[in-house]
Amino acid sequence: MGKSAAIAELWRGGQLESTHFGHAVICGADGSIEAAWGDPGTVIFPRSSCKMMQALPLMESGAGRDLTPKQLGLVCASHNGAAIHREAVAAWLGDMGLTEADLRCGVQEPADRAERDLLIKTDASPCQWHNNCSGKHSGFLMLNKHLGGHAEYIEADHPVQMAVKAAHEEVTGEVSAGFGVDGCSAPNYSTSLQGLGRAMAYFACAEEGGDARANAAYRLSRGMMAHPEMVAGEGRACTALMRAMGGRVAIKTGAEAVFVAIIPELKKGIALKVMDGGTRGAELAITALLVRLGVLDAAHPVVGQYLNTVERSRRGIECGSLRVAAGFGV
């Protein structure tokens, strides 16, 4: 791992208080690096930023041919567990003749406040439908039915995960150094930052009517763009930024401050990682790079939520600011 670059700085009282360091890369249509900060060779776990890659076997196999764009957004989601997410997962499983018990993602309290309040008021408990990865796991289950695999589809040697690993290595152009177990219990394969950016550029260049993989990549990214509310939810950067770009760009966060972007009109992919795992640094970084490339209007109101934000005390007094570090994104 090479030297990281300063990405974001928190200033207070005219003094630098904190700095977020990390790595970022922009890859072009051929997968080559067009711009980079830090070390593009840094090997990371992409975490949930690679869900569209994990869904490729579902679509390539033909198992997901009849999925709607809304379901394709959901299969790539790290959602809030809101009613729209819970209901969509329940309906999808029901259509397959499956139940919540068939999922292997684990129970998670919903991040959506209205859904959480409903559980409290009705004295109900969260379930696996609320898990932010339940859409991805519904896709795993659909592929598993197609392949005829056993119930434990999250095991690394299961046909589902072997297909995911193969797709991951092919679109990143790298042999993975190995996997870690993600928060949803599924394997998560490591890649270099450039490999992740290369994969996003592949998605950006994919066209409808191409071969099975290209058509799969096209449909998945367009599902995300068409339904940003399914990919994350209200109050989330993925949803807000995709809405601000009017369905032209797909972006996806991953745990521990990973972010990616798929930009079809420019045939470019972005991948970044903030090394301290801080969400605010990653959200600033992806916003800055989208503005740099001209696909996000710097004057759009949503930009101010993530880029060069004002810090205020609990009485509303301006007391600091989170800024782009000198040299990043330029």
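The lining of the largest pocket mixes three kinds of residue: ten nonpolar, eleven polar and six charged. This is a predicted model, and that pocket is a good place to enter it. Its volume is about 420 Å³. In total, 27 residues line the pocket. Nearest its centre lie Ser78, Arg236, Thr253, Gly254 and Ala255. Which elements give two or more residues to this lining? They are helix 11 (237-244), strand 8 (250-254) and helix 12 (279-292). Rolling a probe the size of a water molecule over the atoms shows where empty space is left.

From the pocket, turn to the packed interior. The largest nonpolar core has 98 residues. Within this core, Ile251 and Leu290 touch the most other members. In soluble globular proteins, nonpolar side chains tend to be buried together. What does Leu290 touch, leaving out residues up to four places away in sequence? Its partners are Met245, Val249, Ile251, Ala261, Ile263, Ile270, Val295 and Leu296. Ile251 thus appears again, as a partner of Leu290.

Next come two loops. Most residues other than glycine have a negative phi, and most peptide bonds are trans. Ala257 is not a glycine, yet its phi is positive, near 65°. Ala257 sits in the loop between strand 8 and strand 9 (258-263). Is Ala257 buried or exposed? Ala257 counts as buried because its relative accessibility is 3%, and the cut-off for buried is under 20%. Lys267 also has a positive phi without being a glycine, at about 55°. Lys267 belongs to the loop between strand 9 and strand 10 (268-274). With a relative accessible area of 35%, Lys267 is partly exposed.

Now look at helix 6, residues 134-147. The helix has 14 residues. From first C-alpha to last, helix 6 reaches 20 Å, close to the 20 Å expected at 1.5 Å a residue. Helix 6 is mostly covered, with eleven of its 14 residues buried. Among the buried ones are Ser134, His137, Phe140, Leu141 and Asn144. What covers them? The cover includes helix 1 (51-54), helix 2 (56-60), helix 3 (69-75), helix 4 (83-95) and helix 7. After helix 6 comes Gly148, with a positive phi near 75°.

Helix 7 is part of that cover, and the path leads there next. Helix 7 spans residues 159-172 and has 14 residues. Its reach from first C-alpha to last is 20 Å, close to the 20 Å expected at 1.5 Å a residue. An α-helix has 3.6 residues a turn, so residues three or four places apart point the same way. The buried residues of helix 7 are Val160, Gln161, Val164, Ala167, His168, Glu169, Val171 and Thr172. Take Glu169 from that list. Glu169 counts as buried because its relative accessibility is 18%, which falls under the 20% limit. Beyond neighbours within four places in sequence, Glu169 is in contact with Glu174, Val175 and Ser176. Just after the helix, Gly173 takes a positive phi of about 75°.

The tour ends in strand 12 (residues 318-324), at Gly320. Gly320 is buried, with a relative accessible area of 9%. Which residues does Gly320 touch, not counting those up to four places away in sequence? They are Trp11, Arg12, Thr309, Val310 and Glu311. Tyr189 is 131 residues from Gly320 along the chain. Their C-alpha atoms are separated by 38 Å.

Conventions
Residues numbered from 1 in each chain as written. Predicted model: local features only at pLDDT ≥ 70, side-chain atom pairs only at ≥ 80, totals over all residues. Heavy atoms only, no water. 1 Å grid on protein atoms, 1.4 Å probe; cavity = no way out; pocket = protein on both sides within 12 Å on 5 of 7 lines; lining within 4 Å. Points joined across faces, edges and corners; volume = space filled by probe spheres on them. Helix = DSSP H or I, 4+ residues; strand = E, 2+ residues; numbered from the N terminus. Nonpolar A, V, L, I, M, F, W, Y, C, P; charged D, E, K, R; others polar. Expected span 1.5 Å × (residues − 1). Buried < 20%, exposed > 50% of the residue type's maximum accessible area, 1.4 Å probe, protein only. Contact = heavy atoms within 4.5 Å. Core = buried A, V, L, I, M, F, W, Y, C linked by side-chain atoms within 4.5 Å.
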